[in-house]
There are 2 protein chains.
Amino acid sequence: MPVAQLQSLQCSDCPIRHRAVCARCEADELEALNVIKYYRSFQAGQPVIWSGDQMNFVGSVVSGIATLTQTMEDGRTQMVGLLLPSDFVGRPGRSGAAYNVVATTDVVMCCFRKKPFEELMARTPHIAHRLLEMTLDELDAAREWMLVLGRKTAREKIASLLLILARRDVSLGADERIGGALSFDLKLTREAMADYLGLTLETVSRQISALKKAGVIILEGKRHVIVPDMRRLIEEAGDDSDGGLVG
Amino acid sequence: MPVAQLQSLQCSDCPIRHRAVCARCEADELEALNVIKYYRSFQAGQPVIWSGDQMNFVGSVVSGIATLTQTMEDGRTQMVGLLLPSDFVGRPGRSGAAYNVVATTDVVMCCFRKKPFEELMARTPHIAHRLLEMTLDELDAAREWMLVLGRKTAREKIASLLLILARRDVSLGADERIGGALSFDLKLTREAMADYLGLTLETVSRQISALKKAGVIILEGKRHVIVPDMRRLIEEAGDDSDGGLVG
DNA sequence: TGTCATCCTTGACACAGATCAACCCGAGGT
DNA sequence: ACCTCGGGTTGATCTGTGTCAAGGATGACA
């Protein structure tokens, strides 16, 4: 999840900086983007669908969390992606095995209408190039997650997820650090975490308790996590790549 | 795995048709591509690395199988991608968590030198667009695989893998059909399958035996698989999307 | 204040798949 | 003919996680 390295982009009226479409000439593109964008909000639990037009290109999360999930007929579901503020999403369900995009909390998205966006892409090749880079990054992240799903223990899975969430909050500046400790809000239910990790919610609960008892994390309430020592958490995750967060 | 729908592209001297870079003006691009390409072969077990230059862009498998794998310090490995003939690969290890590309059998690849390839991309925007589409397809495939890894049983996993391999062979015309039955060669060891599915090789062996006993598949030797009824296999995979292969 | 719903925790037990171990089979090599 | 070695099968047992079930905490609402 090399999110921290991404260029970012500030819309005229969004409260956050989006992951960038254009790495080179931000100012120019911004002006163009501000013209063709509009906002939509979704309630928690609501599927994220662009009005009518099959959601043909791209939107960016401004606030809230949306998830990409796949479901089998018998109800088993697997989350395949997490859309946190600043993430882009586009073209779900285009090919064979469609996944669903659902708002997990209340969500506001900044959307770009398909046609003008594509015209913009055609005019400015480096935007297309940047989009390719972003997609390749997502592919890397998905493949990294395959290791988590296929080979890690429940405890390692939980630690890996906490690590990802912590890093995201850090890269958005939404974290708090007090004397080396890092704390952040867990915005997912135990069930959502279970769906992401390929576990049951009971196992998630147990492993979080275990990490708490081991002193790797401290819980305030059920949703606020304090990580006294990032290195401990990284170790629990069985992760070698530290994402440049320790220093 | 919407491979069958992809445009394909015949090099001047490759025996196979590659998944297309250019969907629109094949002839022109072919000429350009034939100029800047060269071949490399790799022995089974050998890591696939472009001579010196960090493998900065793209190569396509002509024959053999290469795999993308991720490994933890303690040796646990998870395969995150399978490169079959006609697949493209590019930019491994660029971002944080690098995966390894290894030739699983002897492999011949058709490579495009980084610089001329990128120039070609810049000149012809629809090639860049096509590359984006291909990457999005890979992302979809990776996400589909996350469902397999996270939520399917061992038996379903095996069936899913067989299904993918069967479909790939069909789309390359490498299958044989006799009276509705479909047969193909399994080019992976039990261990490779296990790494792909997040299982142990023993479990793979057992589940293959189980599918054999149940009559879902027939084995000739250890590596040749006959599927008498594709529908049975799809059912075992717990898969709703039939990939357009049944009819 | 009580009721209800949602989210979470914890315990007891079952079972799928991992682990450990023995053995089989076919292909080279000498 | 014999040996060796990689790949594959099968059995016995162990264990991590799922399943089922009961109950706790918190907040919304009447």
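What follows looks at how chains A and B meet and how they sit against DNA strand C in a predicted model.

Some bookkeeping comes up front: residues are numbered from 1 along each chain as its sequence is written, and chains are lettered from A, ligands numbered from 1, in the order in which they are written. As the model is predicted, local features need pLDDT of at least 70 and side-chain atom pairs count only at pLDDT 80 or more, while totals for chains, interfaces and linings use all residues; side-chain values use heavy atoms, with hydrogens and water left out.

Take the symmetry to begin with. Chain A lands on chain B after a rotation of 180° with 0.0 Å of shift along the axis, at an RMSD of 0.0 Å (least-squares superposition on C-alpha atoms of residues with pLDDT of at least 70 in both copies). The two copies are thus related as by a two-fold rotation axis. They also meet through the same surface, since 100% of the interface residues of chain A are interface residues in chain B too.

As for the protein interface, 43 residues of chain A are in contact (heavy atoms within 4.5 Å) with 43 residues of chain B. The buried area, meaning the accessible area (1.4 Å probe) lost by two parts on being put together and summed over both, is about 4500 Å², with carbon and sulfur atoms giving 55%. A:Arg143, A:Met146 and A:Arg151 supply 18% of what chain A buries against chain B, more than any other three residues. There are six salt bridges between the chains (a Lys or Arg side-chain nitrogen within 4 Å of an Asp or Glu carboxyl oxygen). In one of them, A:Arg143 pairs with B:Glu138, their closest N and O atoms being 3.0 Å apart. H3(A) provides the largest share of the side of chain A that touches chain B, at 18 residues (helices being DSSP runs of H or I, at least four residues, numbered from the N terminus).

On to the DNA. Strand C is surrounded by 17 residues (a heavy atom within 4 Å), and A:Arg190, A:Ser205, A:Arg223, B:Thr203 and B:Arg206 are the closest. Sugar and phosphate make up 64% of the strand C atoms that come within 4 Å of the protein. On the phosphate side, a polar side-chain atom of A:Ser209 lies 2.9 Å from a phosphate oxygen, and a polar backbone atom of B:Ala154 is 2.9 Å from a phosphate oxygen. The side chain of B:Arg206 puts an N or O atom 2.8 Å from a base oxygen. H6(A) gives the largest share of this surface, five residues.

Terms used
Helix = DSSP H or I, 4+ residues; strand = E, 2+ residues; numbered from the N terminus. Polar contact = N/O pair within 3.5 Å; in protein donor to acceptor, adjacent residues only side chain to side chain.
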